[in-house]
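Me: I am new to this structure and would like a close look at a single part of it. Please take one residue, describe its surroundings with care, and then work outwards from there.

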Amino acid sequence: MPLTTLQIDTDLQAMLRDLSHEEQQVLEANIISDGIAFDPIVTWKGLIVDGHHRYAVCSKHHLDYTTVSMTTSLMVQMLPRLLPRRVA
């Protein structure tokens with residue numbers, strides 16, 4: 001997919017766990033080596049729901065990524081499940 005600018009909800013992003021330095025290095029190295037982020041970046045109405053770190057790496061290195069768009073009803077169902085998994 002050509003690079004598009006996705007929106008980042010800073011409130012949602014603030015609730016997510018930061019990657020450790022080592023985790024960030026491994027993620028970046030893998031994406032650069034593959035030339036693409038294989039796991040899709042999940043969006044809802046153009047906002048990133050899952051994949052903030054992948055999006056940052058791809059944007060930094062001008063690499064391709066895929067997106068999967070969630071419907072509003074799915075977002076309402078999934079958000080409570082996503083946050084506990086991601087919050088430190």
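Reply:

**Glu28 and what surrounds it**

Glu28 is found in helix H2, and it makes a convenient starting point in this model, which is a predicted one. With a relative accessibility of 15%, Glu28 counts as buried, because the cut-off for that word is a relative accessible area under 20%. Setting aside residues up to four places away in sequence, Glu28 touches Val57, Lys60 and His61.

One of these contacts deserves a longer look, since the side chains of Glu28 and Lys60 meet in a salt bridge, with 3.1 Å from N to O. This pair links distant parts of the chain, for Glu28 belongs to helix H2 (residues 21–34) while Lys60 belongs to helix H3 (residues 52–61), and the two are 32 residues apart. Their C-alpha atoms are separated by 9.8 Å. The two partners can also be set side by side by accessibility: Glu28 is buried at 15%, whereas Lys60 is exposed, with a relative accessible area of 56%. Side chains of opposite charge can pair when their charged atoms come close.

The count of salt bridges in the model comes to 3, and the remaining pairs can be described in the same way. The side chains of Glu23 and Arg17 meet in a salt bridge with an N to O distance of 3.1 Å; here Glu23 is partly exposed, at a relative accessible area of 33%, and Arg17 is partly exposed too, at 37%. The side chains of Arg54 and Asp50 form another, at 3.7 Å from N to O. In that pair Arg54 counts as buried at 15% relative accessibility, and Asp50 counts as buried at 14%.

Val57, which Glu28 touches, leads on to the nonpolar interior. The largest nonpolar core has 10 residues, namely Leu6, Ile31, Ala37, Ile41, Ile48, Tyr55, Val57, Cys58, Leu63 and Tyr65. The elements that give two or more residues to this core are strand S1 (36–44) and H3, and the largest share, 3 residues, comes from H3. In soluble globular proteins, nonpolar side chains tend to be buried together. Ile31, a member of this core, touches Ile36, Ala37, Arg54, Val57, Cys58 and Leu63 when residues up to four places away in sequence are not counted. Arg54 in that list is a partner of Asp50 in the salt bridge described above.

Helix H3 also holds His52, which counts as buried at 6% relative accessibility. A polar atom of the His52 side chain lies 3.4 Å from the backbone oxygen of Ile48, and Ile48 is one of the core residues. Leaving aside neighbours within four places in sequence, His52 is in contact with Ile8, Leu12, Gln13 and Leu16.

Strand S1, for its part, contains Thr43, a buried residue with a relative accessible area of 6%. Apart from neighbours within four places in sequence, Thr43 is in contact with Leu6, Ile48, Val49, Thr67, Val68, Ser69 and Met70, and among these Leu6 and Ile48 are members of the nonpolar core.

To return to the starting point, Glu28 in helix H2 is joined through its salt bridge to Lys60 in helix H3, and Glu28 also touches Val57, a residue of the nonpolar core.

Conventions: Residues numbered from 1 in each chain as written. Predicted model: local features only at pLDDT ≥ 70, side-chain atom pairs only at ≥ 80, totals over all residues. Heavy atoms only, no water. Salt bridge = Lys/Arg side-chain N within 4 Å of Asp/Glu carboxyl O. Buried < 20%, exposed > 50% of the residue type's maximum accessible area, 1.4 Å probe, protein only. Helix = DSSP H or I, 4+ residues; strand = E, 2+ residues; numbered from the N terminus. Core = buried A, V, L, I, M, F, W, Y, C linked by side-chain atoms within 4.5 Å. Contact = heavy atoms within 4.5 Å. Polar contact = N/O pair within 3.5 Å; in protein donor to acceptor, adjacent residues only side chain to side chain.
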